[in-house]
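Me: I have a structure open and would like to go through it in small steps. Can we start with the inside?
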Amino acid sequence: LRCVSGYTLCWHIVMRVSVLLPIAFAGKFDCPALPAVPAPKDISQLHPSHVGIVMAVGDSITAAFSARSDVDEARDISWAIGEGSAQNLTLPYLLSQYSAKVEGASTRPVIPADVFNLPHNDYHPKTDNLNVAESEGSANRGSFDEEWAFLASGAKKYADFDDQWKVLTVWMMANDFDGDCDGPVEETAHYKVWESKVDEFLTNVTTSWSKIYINLVSTLDLSNIHRIQQSKAGCKLVHKLIDEGGCIDYGNSTQMQMLDRNIHWLNTRQHKFAQDWQTKLKSAGRTDVAVVAQPFMEGIGSKFGSSFISKLDCFHPTAKTHEMLAIGLWDSMLCHDRATRCGIEVTEMIAITCPTASSVFYTGDDVMVVDRRSWVV
């Protein structure tokens with residue numbers, strides 16, 4: 001997420017000692033192997049075993065800043081785009097259990113690049129591959145444009161890029177709106193910028209590439225980060241000294257209600273993007289592309305405790321949380337009962353959906369569920 005100018009650099013200068021706290025996860029993946037699945041004729045037949053390329057755009061959450069409670073971007077375990085392992089499940093790792101080859105995942109933890117100038121140029125092409133998320137990334141700071149350029153350039157490394165089925169995960173929202181606690185977000189100029197840049201990015205992707213499944217990921221209720229911070233004396237002190245998350249750090253209960261209300265508005269706009277683009281692609285006869293809103297984070301967070309956030313900055317998700325989000329995304333992609341969201345609950349006990357040979361990723365009409373977890377649109 002966004003820090004005030006120099007904040008990330010401050011952490012790197014003052015706290016560069018990387019203390020990797022041991023995190024003991026039992027391997028959660030125990031789904032059975034599947035027989036070979038016939039190649040898809042179009043995107044509606046896309047099975048996990050068909051995916052050969054993964055990509056992601058976003059901010060410091062997808063860059064996995066401080067996921068191990070240190071100053072690195074733990075890109076190797078990023079929920080949507082890290083290569084992962086049996087102990088740290090990620091979307092690419094789950095895909096790799098069915099697909100013979102999954103390329104594009106980020107492979108190593110790194111220090112944010114060009115820390116004096118974040119979010120710009122926070123990209124390490126040799127190991128980030130097609131994880132182009134930037135710490136402090138924001139539509140209003142040009143990150144959609146810059147990350148699209150990184151993607152377009154990075155894609156050229158893969159000789160069979162055009163022929164492979166691809167999954168692209170898009171989650172860039174928090175840094176544009178974490179200060180929107182005093183009024184409706186839709187009335188602001190920066191909302192219009194974000195709205196325009198999301199649409200422009202989707203235009204760039206769909207006009208340039210084929211055979212691609214695009215996840216538009218909704219955002220959790222950010223007031224819960226504030227709640228967790230306020231429950232820990234050390235976290236309260238850190239966020240009195242450092243403005244890392246706008247009014248998440250210092251807001252009152254009325255402001256937190258407005259923040260969540262605005263996140264709900266933005267999530268609703270994500271759904272409209274998905275439905276509008278599905279209609280547009282259908283009208284153009286495109287059966288090789290899908291734009292799908294993935295709502296598994298909508299309204300969540302009330303049950304999260306301090307283990308959800310980094311011990312370093314009391315803000316960014318931990319390795320355990322990245323795994324929870326990875327499973328949530330995976331389950332959501334495979335969920336076809338969109339009205340109930342297949343009962344997906346993002347908690348430490350979240351269950352992994354085991355696909356069958358006939359399972360396909362959801363590509364149908366968007367379904368907007370209201371008041372599933374008592375949130376107001």
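Me: Which residues does Ile214 touch, not counting residues up to four places away in sequence?

Reply: This is a predicted model. In it, Ile214 touches Leu168, Val170, Leu202, Val205 and Thr206. Ile214 also touches Val289, Ala290, Val291 and Val292.

Me: And how many residues has the largest nonpolar core?

Reply: That core has 98 residues. Ile214 is one of those with the most contacts inside it, along with Trp79, Leu151, Leu168, Phe201 and Tyr213. Another core, of five residues, lies apart from it, and includes Ala64, Ala67, Ala74 and Ile77.

Me: New topic, helices. At what angle do α4 and α6 pack?

Reply: Helix α4 (residues 143–154) and helix α6 (residues 189–208) pack at about 15 degrees, and their axes are 10 Å apart. Angles under 35 degrees count as roughly parallel, so α4 is roughly parallel to α6. Their crossing is right-handed.

Me: Which residues make the contact?

Reply: From α4 they are Phe144, Asp145, Trp148 and Leu151. From α6 they are Lys197, Val198, Glu200, Phe201, Asn204, Val205 and Ser208.

Me: How do those residues divide into nonpolar, polar and charged?

Reply: In the contact of α4 with α6, six are nonpolar, two are polar and three are charged.

Me: Last one. Which residues of α7 are buried?

Reply: Ser223, Asn224, Ile225, His226, Ile228 and Gln229 are buried.

Me: What follows from that for α7?

Reply: Helix α7 covers residues 223–230, and six of its eight residues are buried, so it is largely enclosed by the rest of the structure.

Technical notes. Residues are numbered from 1 along each chain as its sequence is written. This is a predicted model: local features need pLDDT of at least 70, side-chain atom pairs count only at pLDDT 80 or more; totals for chains, interfaces and linings use all residues. Side-chain values use heavy atoms; hydrogens and water are left out. Buried means under 20% relative accessible area, exposed over 50%, partly exposed in between (1.4 Å probe, protein chains only). Helices (H or I, at least four residues) and strands (E, at least two) are DSSP runs, numbered from the N terminus. A nonpolar core is a set of buried Ala, Val, Leu, Ile, Met, Phe, Trp, Tyr and Cys residues joined through side-chain atoms within 4.5 Å. Contact means heavy atoms within 4.5 Å. Axes are lines fitted to C-alpha atoms, for helices over the stretch in contact, and angles run from 0 to 180 degrees between N-to-C directions. Angles under 35 degrees count as roughly parallel, over 145 as roughly antiparallel, 65 to 115 as roughly perpendicular and the rest as oblique. A crossing is left-handed if the near helix is turned anticlockwise from the far one by less than a right angle, and right-handed if clockwise. Ala, Val, Leu, Ile, Met, Phe, Trp, Tyr, Cys and Pro count as nonpolar, Asp, Glu, Lys and Arg as charged, and the others, Gly among them, as polar.
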